[in-house]
Amino acid sequence: MYYFIVNPNAHCGLGGKVWKKLEGYMQYAGVEYQAFLTAARGDAARFAAELTKDRQDPCTIVAVGGDGTVNEVLNGLHLSSKVSLGYIPAGSGNDLARGLGLPRSKTRCLKRLLEPQYTCSLDYGIVSYEAGQPVHRRFAVSCGIGLDAAVCHDLLDLARQRGKRHIRCGRLSYLLIGVKQLVLSKPSAGYLVLDGVKKVEFNHIHFVASHIHPYEGGGFQFAPKANSENGELEVCVVHGASKWKLVPIIFDAWAGRLGHHRGVRYYRCKEVQVHVDRPLPVHADGESCYCQTDIHLRCVEKKLRMIV
C-alpha cells in the first residue's frame, strides 16, 4: 500500500501541481493509494506517525515536497523493517534528490516507486539540543550551525512574512541571502569533540555543517565526499579571521568545485559535539532548530529503508 504525504505549498505551490499530475497518472493506472495533504507545520510528522505506529504489514510512505517535508516525515516515522520511504522532489532545494540521484521527471520518480528495483538502507542523523527541554531531531541531508543556518532562518522568516506563494527559494535566492548574511555575520570561538575523544579548537568559526548527503542550500557542495551508507558524518568547518575569504569558498561550493581551501577543514566521525561561545542559528535539513551554543550530532547507520 502506498501512502502519500503531500505538501501542496512546497516551492510556491509546485507541490500541489506535481501531486495533481501524479494523482491523475495513478488513477489511470489503477494504483491503490491514500493521500494526506499537509496544511500546517507538523502535519507531515503527525501523518507519518499515525501511519507507521505498530505497523504489522509492509507499507511505503512517499513524501511529496521539499527537503523540509522529508524532514518532517522522517521525524514522524516509526522506523521498522515493514516501513519504506519514497520521495518525489517538489521543493526549492531538493538536496536529497541530488544526493540520491533521482530523476528530474516526477513521473519517472513515481514509476520507480511503483515498480521498485532497488531498496537501500541509508544513514540518517540526529541533532540534540536544549529548547527548554532536551530535543532530539532527525535529519536526512545535513545539519549546520552558524552562517549556513542563518541563511535557512532568513528564508523561513521571509516565507512567513510574504506568504508561501510569494517567494521562490532556488539556488540564486540561497546565494543572495548568503551574501547578505555574510555581510552581517560575525565568527565565533568554539570547539568540536569528535567521537568523544578528539577535541579541536577554533578561534573564528563561521559555520559547521554535518552531512549525510553532499549537498545543501539548493546544490551547494560543502561536503562533496559525504556518503549516506558509510555510517559516518562528513563534517565541514569553515573558519578564519577574515570573513571575506569565505567568498571564493561559497562560490566554489555553489559551482560544485570546492577543493582545498585555507579555512576549510573536514572531519569524518560517527558523532560530534559542537560548542560555540555565543548562540548561533541551527538548522536540520533547512528547518529551524533556533539558536544554540551546544549541539550534539550523531549518525544512525543504515536504519532508513528507501526506494531509490
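Visitor: How many residues apart are R98 and D95 in helix α4?
Guide: Keep in mind that this is a predicted model. R98 and D95 form a salt bridge, with their closest N and O atoms 3.5 Å apart. They both sit in helix α4 (residues 95-100), and about one helical turn separates them because their spacing in the chain is three residues.

Visitor: Is D95 buried or exposed?
Guide: Let's take its partner R98 as well, which is partly exposed at 35% relative accessibility. Buried means under 20% relative accessible area. D95 has 4% relative accessibility, so D95 counts as buried.

Visitor: Which residue forms a salt bridge with R46?
Guide: Stay in a helix for this one, but move to α2. R46 is partly exposed, with a relative accessible area of 40%, and its partner is exposed at 53%. The two are four residues apart in α2, so about one helical turn lies between them. Their side chains meet at 3.8 Å, N to O, and the partner is E50.

Visitor: How far apart in sequence are the parts that R268 and E234 tie together?
Guide: These two form a salt bridge, and their closest N and O atoms are 2.9 Å apart. R268 belongs to strand β13 (residues 264-269) and E234 to strand β12 (residues 233-239), so the parts tied together by this pair are 34 residues apart in sequence.

Visitor: Is E234 buried or exposed?
Guide: R268 is partly exposed, with a relative accessible area of 41%. The cut-off for buried is under 20%. E234 comes in at 7% relative accessibility, so E234 counts as buried.

Visitor: Which residues do salt bridges with shared partners join into one network?
Guide: You've already met two of them, R46 and E50, as a salt-bridged pair. Salt bridges that share partners add one more name, and the network is D43, R46 and E50.

Visitor: At roughly what angle do the axes of α2 and α3 cross?
Guide: Helix α2 covers residues 43-52 and helix α3 covers residues 67-76. On the α2 side, the contact is made by D43, A44, A45, A48, A49 and T52, and on the α3 side by T69, E72, V73 and G76. The crossing is right-handed. The axes come within 7 Å, and the angle is roughly 35 degrees.

Visitor: How many of the residues of α3 are buried?
Guide: Among the buried ones are T69, E72, V73 and G76, which also take part in the contact with α2. Helix α3 is mostly covered, and of its 10 residues the buried ones number nine.

Visitor: Is D54 buried or exposed?
Guide: D54 isn't a glycine, yet it has a positive phi of about 55 degrees. You'll find D54 in the loop between α2 and β3. Exposed means over 50% relative accessible area. D54 has 63% relative accessibility, so D54 counts as exposed.

Visitor: And D285, is that one buried or exposed?
Guide: D285 also has a positive phi of about 55 degrees without being a glycine. Its place is the loop between β14 and β15. With 8% relative accessibility, D285 counts as buried.

Visitor: About how much accessible area does the nonpolar patch of V179, V183, L184 and W244 have together?
Guide: Take L184, which belongs to helix α7 (residues 171-184). At 54% relative accessibility, L184 counts as exposed. Together with V179, V183 and W244, L184 forms a nonpolar patch on the surface, and the accessible area of the four is about 400 Å².

Terms used: Residues are numbered from 1 along each chain as its sequence is written. This is a predicted model: local features need pLDDT of at least 70, side-chain atom pairs count only at pLDDT 80 or more; totals for chains, interfaces and linings use all residues. Side-chain values use heavy atoms; hydrogens and water are left out. Patches are made of residues with over 30% relative accessible area and no salt bridge: like charges are joined within 9 Å, nonpolar side chains (Val, Leu, Ile, Met, Phe, Trp, Tyr) within 5 Å. Accessible areas come from the Shrake-Rupley method with a 1.4 Å probe; for residues, only the protein chains shown count as cover. Buried means under 20% relative accessible area, exposed over 50%, partly exposed in between (1.4 Å probe, protein chains only). Axes are lines fitted to C-alpha atoms, for helices over the stretch in contact, and angles run from 0 to 180 degrees between N-to-C directions. A crossing is left-handed if the near helix is turned anticlockwise from the far one by less than a right angle, and right-handed if clockwise. Contact means heavy atoms within 4.5 Å.
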